[in-house]
Amino acid sequence: MSTAAMNRNTAHGASSSSPVLSLIDITKKFPGVVALNKVSFDVRAGEVHALLGENGAGKSTLMKVLAGKHQPNGGKIILAGEEKSFENPKQAKKSGIVLIHQEQSLVPEMSVAENIFLGSLPLKWGNRVDWKRLHADSTEILKRLKCTFSSRDMVSNLSIAKKQMVEIARALVFTPRIVVFDEPTASLTDHEKPVLYDIIRNLQEQGVGIVYISHRMDEIFHLSQRISVLRDGEYNGTLNTADTSEDEVTKLMIGRTLELDHASKPKEFGENMLELRGLSVDGVFEDVSFNVRKGEIVGMYGLVGAGRSEVAETIFGLRKPSSGEILLNGQVERLHSSHDAVAEGIALVPEDRKDQGLILGMNCRDNMTLAGLESVSRRGFMKTAAEKRVYDKYQQAMKIKTPSWRQKVGNLSGGNQQKIVIGKWLHTHPKLLILDEPTRGIDVGSKAEIHALIKELARSGYAVLVISSEMPEVLGVSNRIIAMYDGRVTAEFDGDAVSEDKLVQAITGQPVTAQSNTGSTSGHPAG
Amino acid sequence: MINMKDFLKGSGFIQPIWVFVIVITIFFSFMSEYFLSIGNLSNILVQTSTIGLIALGMTYVMINGNIDLSVGAVLGLSASLSVGLQDYGITIAVIAALASGLVLGAINGLVVWKTGVNAFIVTLGAMIGVRGLIFVYTEEQSFYATNFAFSDFGTASIGPFPVLALIFLICTLVMHLVLKKTGHGRNTFAVGGNPEAALDAGIRIGRHMMINFIIVGFFAALAGVLLATQMGAATPNLGRDYELWTITAVVLGGTKLTGGYGSITGTLGGVLAIGILRNGMNLMQVPAFYVLVILGVILISVLIIDQRLNVHASKGVSI
């Protein structure tokens, strides 16, 4: 069914008002990536329309197009029957489109009132700030939001949840037509959530259209009238919340029933390559113990913020453990820096490849050899031919698509960038390879290639630790799965036999229902 | 057909600053007959060698993502030491002068590395403090070289080539090769381009930063010694504003203040551009104050053009 036809169907199906906002066939390209491919989406007045999709599905990009932060390469934005094109966020705001950000955009060293009215401070006598009115108006808005803090409080002294309330208060200064909430409950406590729900209902009653982006099914089913799903930058359908189920939505989101290829996983394991014994970093994670054997892929599954990346950083020498031990090859090691870690044969493919993995302004070859310059230089001088050979080897082995080695890595697609980061580490011939969210924001094709590569590496003897918040990924590649919740290891599962609901229980702090299979903790081959 | 924008952007082999150098060379050769004479050209090289030598080191520090504002003061101290210590022999005086640069550079680097305080602040403090040291050491006196071998060196030539110009060109070549061909050069780019990624690749970023501060300290001290040989004297105020001229030359040469980009060939172009403009306007008898105004305008114009070309090239890639 075409996108347009589907829209028409739902519009006729539900007898509510016509959309106040329509996004039609929006396309947005970045160099090497199509972030949005002819995506359509609409919001009716007084409706909560939930927008769902996995990480990297294009939700944030779509909202940035709507808010004027990105200019689309194709498609139309129609607001209240009028075609609009927003050159910048200010124009979008003027038209009544308000984005409540995930990340905060407040001025910390100003009062709550000043932040609420930033850019539109009430004036008197021409150009003096009318403080009385400023605080009176702010107090009124805060009252509507049932906020407990004063308009005179300094924003830097507020908790994250309260800061978010200030963001919302800001949206209420003008009468907005469309308010976009991007993961609004991520930083709220259970006590604060009902207040947010009240605010949203209040806005609904005033006829404001709400776009609600969230991963949490309970919230979406609680609040929304319709649910739209994006997948890999494409529109994947709209459902009426009343007529659907969580299962149906999940299927649309993932777009596949999980087909796990356990057979291709590595089978032969050697000695312990890595062992953690009661490893802790104060205030970050506590008493983490597990092991990774040669030739084995261990998955580390948990929600963002569970402490997974921090464990990896500690193994890699970037954080100092406050207690516990790290054993490499059976020997206790104290690593003081990433340099030590690399020397010991540890490689870390970081979570954020653009900020931590790559030098975007450098070319492909130079990024590839970055971690192992010693092997391509003699007495400090680079051996250009050797460097080129290294690059060619990994470029061919991993089928990295780039016009030439001179290409700046910033211009490559996410999948090819990630392959360069992996190639960079393979060139150092590590014994332990840690991959943190190895396929985040990468298209489906490259994802499968990277998964196959990870398995192949393990089969050739690498000990591999894969950190991921995507269940299909963890289940698809791991021999064993370590579940983390709130800085602790809550369970350890056999990667071939664990059920999805047990995994979810383990990473959300629920007691895990009995299961007999946990992985072995010693060096006995299990395969 | 050659695309003018690509051409100017330097996506080929010609850097924009060299286009500028060629244009002003042609311009001044028409304005003054004397301009293109061997004598005048080697004169330009000698005049620019002081700023040029410091700029070589500054390029490394800036590609590395840092900056060094103390170079002018280090130059002044080194010049005073090289003249003031001549009672112990020229060799010892020169060695002491150069060592002062190495040590001060090492201190700058160490503080930036270990405390994480911004290099701008650290070297701003060093600039003030080291200038103070000069006054403590010289008691506000100018020193005059008593040894003629010392002051002869500054005006000596090998064949038609002035020694100072030769030293500058040889240093330029060496620094170019080190930046392009060594692991240290590569890592300097990496650390400036993305310190976090460099750290994650196991690169010892602190060590590379410190080496680069030592390098710029050495070149500032070397420039101080050579300037003293040229003048046969050292004054306590020697080297004031030199940090600004140096940074101007490096930035004109295409090195980015944010780090990760830059080249020695570009810096050579930037140094020559300033030298040629000053010399050429001098020959045209433009009053000195107007020369400063014109240089300021040119600096800003070149950077605006550079920025426009870059914005154009990366259009559509916001964030």
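**Notebook: a sheet in chain A, a helix pair in chain B**

Started at a small detail: A:Leu328 has A:Gln331 of strand S17(A) as its bridge partner. Noted before going on that this is a predicted model.

**The sheet.** I looked up what holds S17(A) to its neighbour: 2 bridges join it to strand S16 (residues 323-328) of chain A, and the two run antiparallel. Then I zoomed out. The open sheet has 4 strands in the order S14-S13-S16-S17 (chain A), with antiparallel pairing. Why do S14 and S17 of chain A each have a side without a neighbour in the sheet? Strand S14 (285-293) and strand S17 (331-332) stand at the edges with a single partner strand each, so one side of each is left free of a neighbour there.

I also checked what lies across this sheet. Helix H10 (residues 308-315) of chain A lies across S13 (272-281), S14 and S16, and runs at about 115° to S13(A).

**The helix pair.** Over to chain B. The axes of helix H5 (residues 90-115) and helix H6 (residues 119-138) of chain B come within 9 Å and cross at roughly 145°. I noted the crossing of H5(B) and H6(B) as right-handed. H5(B) brings B:Leu104, B:Asn108, B:Val111 and B:Val112 to the contact, while H6(B) brings B:Ala119, B:Val122, B:Thr123, B:Ala126 and B:Val130. Sorted by type, the residues of this contact are 7 nonpolar, 2 polar and no charged.

**Confidence.** Last, I looked up pLDDT for chain A: the mean is 83, and 89% of its residues reach 70 or more. Residues 1-15 of chain A stay under 50, with 11 contacts beyond four places in sequence in the model. Residues 515-527 of chain A stay under 50 too, with 20 such contacts.

Conventions. Residues numbered from 1 in each chain as written. Chains lettered and ligands numbered in written order. Predicted model: local features only at pLDDT ≥ 70, side-chain atom pairs only at ≥ 80, totals over all residues. Axes fitted to C-alpha atoms, helices over the stretch in contact; angles between N-to-C directions. Left-handed = near helix turned anticlockwise from the far one by under 90°. Contact = placed C-beta atoms within 7 Å. Nonpolar A, V, L, I, M, F, W, Y, C, P; charged D, E, K, R; others polar. Pairing = 2+ DSSP bridges. pLDDT = per-residue confidence, 0-100.
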